[in-house]
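Here is a short, friendly walk through one structure. Take a moment to look it over before reading on.

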Protein chains: 2
Amino acid sequence: MRRAYDEELEQLHRKFYQMGCKVNEAIYKSIKAFVNHDKELAKGVIEEDKEINQFEHDLEQACIELIALQQPVTTDLRKIITVMKASADLERMGDHAVSISKSTIRVKGNKRNSMIEGMISDAGEKIKKMGEEVITAYIEYDTEKAVEIANYDYLVDSLTHDIKEACISEMKKDPELVLGATDYIMASTYIERIGDYITNISEWIVYFQTGEIQELNTHHSYDEL
Amino acid sequence: MRRAYDEELEQLHRKFYQMGCKVNEAIYKSIKAFVNHDKELAKGVIEEDKEINQFEHDLEQACIELIALQQPVTTDLRKIITVMKASADLERMGDHAVSISKSTIRVKGNKRNSMIEGMISDAGEKIKKMGEEVITAYIEYDTEKAVEIANYDYLVDSLTHDIKEACISEMKKDPELVLGATDYIMASTYIERIGDYITNISEWIVYFQTGEIQELNTHHSYDEL
């Protein structure tokens with residue numbers, strides 16, 4: 001009995017990891033497609049999001065069934081709660097990759113700005129690294145790493161803040177850029193939100209180890225643009 | 001034993017309702033402050049968000065303790081899962097009210113546009129009604145109502161889409177509006193996201209009744225701006 005149960009817990013763990021890799025790939029592709037104006041790649045991200053949603057659905061069902069049938073306590077229960085909460089964050093990260101991709105598909109020969117696209121690409125690289133690190137921290141149950149990742153979220157906030165400032169400044173100079181720059185602002189908002197979800201996942205990794213639910217980054221002191 | 005446990009479940013239910021009312025109030029105030037340029041009201045929303053975060057924290061802890069100590073099954077477990085998942089959605093709705101409020105505080109004599117502010121106010125009224133209805137549907141365990149609310153989310157998407165289109169059009173005509181209109185676009189994005197969270201809560205109400213986790217609104221077919 002216990003062996004089958006352990007196997008189910010292990011499977012939950014593996015499936016969460018697989019979902020995390022899928023989501024990171026979607027984010028990476030969506031930003032790459034956005035800055036390269038690659039509509040085919042963007043369509044692929046939207047198509048693959050169905051699979052991510054299915055992952056979340058399956059993980060939620062599996063978690064609830066494990067709780068109902070095995071009545072887990074202490075570490076096992078925390079493991080299940082962590083997957084249940086963090087998979088919802090992963091799913092929403094995937095939704096933001098879809099939003100970025102939709103914006104890529106929508107573009108019809110807008111005037112673009114390569115400087116700002118470069119900034120978005122940089123923010124995308126940063127968020128990709130954070131996304132990969134948080135999944136590694138989860139797999140290794142590395143609380144220290146998780147706290148470190150959450151602390152780095154201010155860098156993403158700062159980069160996306162700069163993108164918005166640059167957009168406003170460029171739009172003022174050139175009204176023809178308004179449509180394109182609005183998309184840039186939206187994309188940077190999505191990247192910022194993805195950073196927030198990564199912070200949430202970090203919090204659940206800390207919860208798994210400590211049993212304490214704590215906010216690692218409240219954003220209350222930071223004046224976003 | 002059972003009576004104390006029932007009382008704890010009932011308390012969870014009441015506390016979720018209280019949190020929902022707090023969050024709806026925050027959203028209402030944040031949009032009112034935004035369109036009336038009322039910085040004091042906006043500051044109040046940011047201040048009160050700490051209380052909302054505390055509500056979520058307390059509810060999460062209470063849910064996990066109930067699962068660990070009472071090992072609930074069937075209806076009771078579903079009730080706890082619903083509160084645990086939906087309170088995270090409420091908390092994020094509160095975060096968006098904070099983002100709208102921050103944007104209100106930041107404004108320094110930007111040029112404004114009363115037509116667009118009227119549109120934002122309308123979208124705010126719509127989202128306020130949806131927020132109130134979803135909390136009522138939760139309290140009454142009204143699945144039909146929950147599905148209906150989720151189906152109305154396309155109206156919010158449509159209103160926020162129109163706001164963005166209006167902003168782009170006005171910015172093109174008047175570059176001085178760029179700074180203000182960027183705030184309008186951001187505010188409309190937050191309102192749209194709040195609608196998505198309300199849809200999520202509707203899904204959890206349906207789950208409570210049916211035990212089925214189903215997406216009521218995938219957004220996959222709707223081409224957002």
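Which residue forms a salt bridge with B:R92, and how far apart are the closest N and O atoms? The partner is A:D89, with the closest N and O atoms 2.5 Å apart. Please keep in mind throughout that this is a predicted model.

## Where the chains meet

Let us start with the interface. On the chain A side, 49 residues are in contact with 49 residues of chain B. The size of an interface is often given as the accessible area lost when the parts come together. Here, the area buried between chain A and chain B comes to about 4700 Å², and carbon and sulfur atoms give 58% of it.

Polar links cross this boundary too. The rule finds four salt bridges across the interface of chain A and chain B, and it finds 16 residue pairs in polar contact there, both residues being at pLDDT 80 or more. On chain A, the side that touches chain B draws at least two residues from each of helix 2 (39-70), helix 3 (74-106), helix 6 (153-173) and helix 7 (178-210). Helix 7 of chain A gives the most, with twelve residues. Sorted by character, the residues on this side of chain A are 24 nonpolar, twelve polar and 13 charged.

## How the copies are related

Now for the symmetry. A turn of 180° and a shift of 0.0 Å along the axis lay chain A on chain B with an RMSD of 0.0 Å. The two copies are therefore related as by a two-fold rotation axis. If you would like a landmark in chain A, try A:Q71: its C-alpha is the nearest to the axis, at 2.8 Å.

The contact residues tell a matching story. Because 100% of the interface residues of chain A are also interface residues in chain B, the copies meet through the same surface.

## Inside chain A

The unreviewed UniProt entry carries the annotation "domain: PhoU", which covers residues 18-103 and 120-205 of chain A. Residues 18-103 of chain A are 94% helix and 0% strand, and the end C-alpha atoms of this span lie 26 Å apart. For residues 120-205 of chain A, the figures are 91% helix and 0% strand, with the end C-alpha atoms 28 Å apart.

Over all chains, the structure holds 38 salt bridges. One of them pairs A:R106 with A:D183, where the closest N and O atoms are 2.8 Å apart. This pair links distant parts of the chain, with A:R106 in helix 3 of chain A and A:D183 in helix 7 of chain A, 77 residues apart.

Terms used: Residues numbered from 1 in each chain as written. Chains lettered and ligands numbered in written order. Predicted model: local features only at pLDDT ≥ 70, side-chain atom pairs only at ≥ 80, totals over all residues. Heavy atoms only, no water. Contact = heavy atoms within 4.5 Å. Buried area = accessible area lost by both parts, 1.4 Å probe. Salt bridge = Lys/Arg side-chain N within 4 Å of Asp/Glu carboxyl O. Polar contact = N/O pair within 3.5 Å; in protein donor to acceptor, adjacent residues only side chain to side chain. Helix = DSSP H or I, 4+ residues; strand = E, 2+ residues; numbered from the N terminus. Nonpolar A, V, L, I, M, F, W, Y, C, P; charged D, E, K, R; others polar. UniProt positions renumbered as here; feature names shortened; annotations may be inferred. Least-squares fit on C-alpha atoms with pLDDT ≥ 70 in both.
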